[in-house]
Amino acid sequence: MNIAPQTYPNLHAGYEHYAKKIVGFTHNRFEGVGCMGSGGVLMAQPYVGENVTVLEKVAERAGPGFYEIDLKEGIQARFAVHQNLGVHQYTFGKGKKGIRLLLHHAFNGAFVSNNYKRMADGTILGTVRAKTTCHVGVYTIYYAIDLPAGEVVQAEKEIDLLLDDDTEEVSLKIAFSAVDEASALQILRKNRAIDYTTLKRKSQQHWEEQLSHIRVEGDADRAKLFYSLFYRTLQSPYRTSEADGRYRGTDGQIHHTKGQRYHGWAIWDNYKTQLPLLALAFPDKYEDMISAIADLYRYGKYDFAGPHEPANSVRTEHAAVVLLDAQRKGFHVDVESIRDSLIRDTARFDFSKPDKYLEAAYDMWAMGRLLPSEKAHYDHRARSYRKVWQDEFHDLSKRDVDRMSARNMYQGTIRQYRWNVPYDLVGLTKLIGGKATLSKQLDDFFDHYYFNRANEPDIQSPTLYYASDKPWRYQSLVQELALDTVVQYYFNDNSRGIDPFIDRIYKNEPKAFVRTMDDDAGAMSGWFVMTALGLQQPLVGAPVYYLSVPLFQSISIGKGNHTLSITVHHFKPENRYIQRVRLNGKDLNRLWLTHDEIAKGGHLEIDATEQPSEYGQDTIWIADLENKD
């Protein structure tokens, strides 16, 4: 659960720090997603006098698990959440006042239905349904609300709670479930005695533990930025199973698991960054997340979402790539039980547009490794990208190569999508004309600001430098993109700006990202976090991470006996290149690690230097479709 203010006028995120007008407080907005935003059900509107009015912000405070605001009208509102429980605490002056609950509200016009009843003890028990991100599918939330004392005026779409004139402080508790109303009611009753301060403290302890799975030491401001972005990557997926193992599938039915189940996917957006990060930092939880992704194939998988989503969700393209990646990292994936569904899902892929062709070919490569008996068939389809690449992406002299959505592509340009063959960099390099030409074209791409850091299509393009004849450029480039001022011409309204955005991409302040940039459920934050660790996965589906100089002198990943500690020797701002890498005292003579090496833990030492080095250049792992893997 999350609770957040909705500012006026409405905008993409639902909340704008610099806006002063507050319409109300809503639940479960999806963090940083595209289209026109998502979530924001069950709006609470505290008011003074006879009627609800737009409120004016005076001051606000926030942190993981809580939000507090002082309003000009003399109202103080405080909110704390932990797992599926939330507490509203309102402080008023004496006089007429109340709290209105808009049960028919959902952000961006996504409301579908709400049915509720008031129980004998006054508890509100109900079910709200709303459209998922981009209004494609429908998700359901079951809720239970404990109202403070007052006169309750009920209507079909709202509840008005009239408070006593002398009442100065009230609390409203709300519990959610993705399974049924009874589960929401059970959570509420179990926590009826909890107050705002206790729940806030409990949530802060929880987040402290979660964020401690990665520890960094170095510049204090950079560390704050790191943990702010790490926090963002942990906002989804959501746990949707109950303590007894019950959960709803995308078929709308209740199923059982011995572990936990998660939902709330944005796989197309974050499978290259956020999901690999979760696999490293939370391997136990990730096992259950992978089982939940496999469940999509059992109970109903849609490219975006379907009519029975157990939580708000975005999209699931490249789920097969994620399953392969998990399998190769040692997580359990029961491929045989979903084999037929995997094949059916693959059979409806869209090969009709240049960008879609490259993306579908990537999944073909993954399918050939998930189903080894069908490898020849799927490799043939994966290999077929080469003709399309020659026809659509090779010639950069055409006038539309820098136009967003040219040739009916989705969110990017020909220049940005042409790198999107991560499973066959050896083959792509041959198509381009060799390593030297690849270097020249990458230099042109980045030096003339053709890249788009506001979206994901080319998010992993820096890793291609490790396939070129100047791999050291990768090491400096990722630090530039993470820390330095960039020039950005491309934006998420599918436009190329007349004037560029010139600033740092990542800042720990309200205007934190590039103009129009979504975090896309942790995709963009995840890229920074991985770069800060000195790790990026060039090919999701192969358990290999490229190394660069981390952004901190000392790092630890994981807990217990399998913690990987990282030490950077000669750590200075100007030392952006790798001179040597040692793992547990042994010189690796390479610029990459396997997932198994990281998961086992140990001590990684990276010697940094100011000048480009030839260290490890002869042993770089480069994806090759023709390799027998």
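Helices (H or I, at least four residues) and strands (E, at least two) are DSSP runs, numbered from the N terminus. The model here is predicted, so local features need pLDDT of at least 70 and side-chain atom pairs count only at pLDDT 80 or more, while totals for chains, interfaces and linings use all residues. Residues are numbered from 1 along each chain as its sequence is written, and side-chain values use heavy atoms, with hydrogens and water left out.

**Exercise 1. Unusual backbone spots**

Task: Find where Pro9, Pro237 and Cys134 lie, and describe the backbone there.

Solution:
- Step 1. Begin with the general rule: most residues other than glycine have a negative phi, and most peptide bonds are trans.
- Step 2. Look at the loop between strand 1 (3–8) and strand 2 (21–27), where Pro9 lies. Tyr8 and Pro9 are joined by a cis peptide bond, with omega about 0 degrees.
- Step 3. Move on to Pro237, in the loop between helix 3 (220–233) and strand 16 (238–239). The bond from Ser236 to Pro237 is also cis, and its omega is near 0 degrees.
- Step 4. Finish with Cys134, in the loop between strand 10 (124–131) and strand 11 (138–146). Cys134 is not a glycine, yet its phi is positive, about 70 degrees.

**Exercise 2. Helix 11 and its contacts**

Task: Describe how helix 11 packs with helix 9 and with helix 13.

Solution:
- Step 1. Know what to report: two packed helices are described by the angle between their axes and the distance between the axes. Axes are lines fitted to C-alpha atoms, for helices over the stretch in contact, and angles run from 0 to 180 degrees between N-to-C directions.
- Step 2. Take helix 9 (residues 354–370) and helix 11 (residues 385–392): their axes come within 10 Å and cross at roughly 155 degrees. That makes helix 9 roughly antiparallel to helix 11 (angles under 35 degrees count as roughly parallel, over 145 as roughly antiparallel, 65 to 115 as roughly perpendicular and the rest as oblique).
- Step 3. Give the handedness: helix 9 passes helix 11 in a left-handed crossing (left-handed if the near helix is turned anticlockwise from the far one by less than a right angle, right-handed if clockwise).
- Step 4. List the contact residues (contact means heavy atoms within 4.5 Å). Helix 9 supplies Pro354, Tyr357, Leu358 and Ala361, and helix 11 supplies Tyr385, Val388, Trp389 and Glu392.
- Step 5. Sort this contact by class: seven residues are nonpolar, none polar and one charged (Ala, Val, Leu, Ile, Met, Phe, Trp, Tyr, Cys and Pro count as nonpolar, Asp, Glu, Lys and Arg as charged, and the others, Gly among them, as polar).
- Step 6. Turn to helix 13 (residues 425–432), which packs with helix 11 at an angle of about 35 degrees, the axes being 11 Å apart. This crossing of helix 11 and helix 13 is right-handed.
- Step 7. Name the partners: Tyr385, Arg386, Trp389 and Gln390 of helix 11 meet Gly427, Leu428, Leu431 and Ile432 of helix 13. Five of these residues are nonpolar, two polar and one charged.

**Exercise 3. Two open sheets**

Task: Work out the strand order and the edge strands of the six-strand sheet and the three-strand sheet.

Solution:
- Step 1. Read the six-strand sheet: its order is 15-24-25-29-26-27, with mixed pairing (two strands pair if DSSP finds at least two bridges between them). Strand 15 (214–217) and strand 27 (586–587) are the edges, each pairing on one side only.
- Step 2. Zoom in on strand 15, which pairs with strand 24 (residues 554–557) in the antiparallel sense over four bridges. Here Ile214 stands opposite Ile557 of strand 24.
- Step 3. Read the three-strand sheet: the order is 22-23-28 and the pairing is antiparallel. Strand 22 (535–536) and strand 28 (592–594) each have a single partner strand, so one side of each is left without a neighbour in the sheet.
- Step 4. Check strand 22 against strand 23 (residues 544–547): they pair in the antiparallel sense over two bridges, and Leu535 stands opposite Leu547.

Notes
Left-handed = near helix turned anticlockwise from the far one by under 90°.
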